[in-house]
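Here's a quick walk through one protein model, with the sequence and coordinates to hand. Have a look at the fold before reading on.

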Amino acid sequence: MKRRQFLLGATAGTLLSSFGALAYSTQVPDYTLLDVQRGQDRFQIDFSTAEGYQTAAWLLRDLRANRVGIPNIEMLQLAAWAQLVLAEHHTYTVFEITSGLRTHQTNSVVEGAARNSRHLPDSTGQFFAMDIKPVGVNIDQLAKILQYPAFGGVGIYRTHVHFDIRDKVVTWNNKN
């Protein structure tokens, strides 16, 4: 599946430059529901709403710096789509968020973090990467599903899966 095909099926909105201000066309995206947790905080959110999007941003915040950023909407849609595929074909899972936004300071102390990490915010504060652990589902299963649309990066780690939005398809395995 090409990126354009996936996004045509999943995307109907754009992100405005100010936090929490979403402008969606008349059609709501198909993949906007996420069941996510971080620590003791668990939410079933619809990020097509301003409240749901703000909740997603808060869950994906940089905990160390206590900073909330602007999650890329395509990244959230890819996570929602993957969760739906798992529910339809394997088992229902909650995604435990292990990392979202990272400030430069936080990124500098994360072991093995890339200097140009997609977790880092761009000039508008938007970031393009998530690290998640599927509760009750094999990490390799989730990674294969995230690789299917064939866009972005997918990294497999012993404890989680990294995925991001980028122009080039990249995969890696750091399970050892």
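Four elements each supply at least two residues of the lining of the largest pocket: strand 6 (95–99), helix 4 (104–109), strand 10 and strand 11. Keep in mind that this is a predicted model. The largest pocket holds about 650 Å³ of space. Its lining counts 29 residues, and R102, V110, A113, H119 and D131 are the closest to the centre.

Two of those pocket elements, strands 10 and 11, bring us to strand 9. How does strand 9 run relative to each of them, parallel or antiparallel? With strand 10 (residues 161–164) it runs antiparallel, joined by four bridges. With strand 11 (residues 170–174) it runs parallel, and here there are five bridges. If you'd like landmarks, I156 has V161 in strand 10 as its bridge partner, while Y157 is partnered by N174 in strand 11. Getting from strand 9 to strand 10 takes a hairpin of three residues. Strand 9 itself is mostly covered, with four of its five residues buried. As background for reading such a sheet, side chains in a regular strand alternate between its two faces.

Now for the charged pairs. The count of salt bridges comes to four, and the table gives three of them, including their N to O distances.

| Salt bridge | N to O distance | Relative accessibility |
|---|---|---|
| D35 and R42 | 2.6 Å | D35 1%, R42 44% |
| K175 and D140 | 2.8 Å | K175 29%, D140 27% |
| R166 and D164 | 2.6 Å | R166 23%, D164 0% |

Take D35 and R42, whose side chains meet in a salt bridge. Buried means under 20% relative accessible area, so D35 at 1% counts as buried, whereas R42 at 44% counts as partly exposed.

The pair of K175 and D140 is another salt bridge, at 2.8 Å from N to O. Which parts of the chain does this pair link? K175 belongs to the segment after strand 11 and D140 to helix 5, so to speak distant parts of the chain, 35 residues apart. K175 is partly exposed at 29%, and D140 is also partly exposed, at 27%.

The pair of R166 and D164 meets at 2.6 Å, N to O. D164 is buried, with a relative accessible area of 0%, while R166 is partly exposed at 23%.

On the outside, F43, W58 and V68 make a nonpolar surface patch of about 240 Å². F43 sits in strand 4 (residues 41–46). Why can F43 belong to a patch? Patch residues need over 30% relative accessible area, and F43 qualifies because its value is 32%, which makes it partly exposed.

Finally, a couple of backbone oddities to check. N66 has a positive phi, near 50°, in a residue other than glycine. N66 lies in the loop between helix 2 (50–59) and strand 5 (70–71), and it is exposed, with a relative accessible area of 64%. A150 also has a positive phi, near 60°, and again the residue is one other than glycine. The loop that holds A150 runs between helix 5 (139–147) and strand 9 (153–157). A150 is partly exposed, at 38% relative accessible area.

Conventions. Residues are numbered from 1 along each chain as its sequence is written. This is a predicted model: local features need pLDDT of at least 70, side-chain atom pairs count only at pLDDT 80 or more; totals for chains, interfaces and linings use all residues. Side-chain values use heavy atoms; hydrogens and water are left out. Buried means under 20% relative accessible area, exposed over 50%, partly exposed in between (1.4 Å probe, protein chains only). Patches are made of residues with over 30% relative accessible area and no salt bridge: like charges are joined within 9 Å, nonpolar side chains (Val, Leu, Ile, Met, Phe, Trp, Tyr) within 5 Å. Accessible areas come from the Shrake-Rupley method with a 1.4 Å probe; for residues, only the protein chains shown count as cover. Two strands pair if DSSP finds at least two bridges between them. On a 1 Å grid over the protein atoms alone, a cavity is a set of points where a 1.4 Å probe fits but cannot get out, and a pocket is an open set with protein on both sides within 12 Å along at least five of seven lines; lining residues have an atom within 4 Å of a point. Grid points are joined across faces, edges and corners, and a volume is the space filled by probe spheres set on the points.
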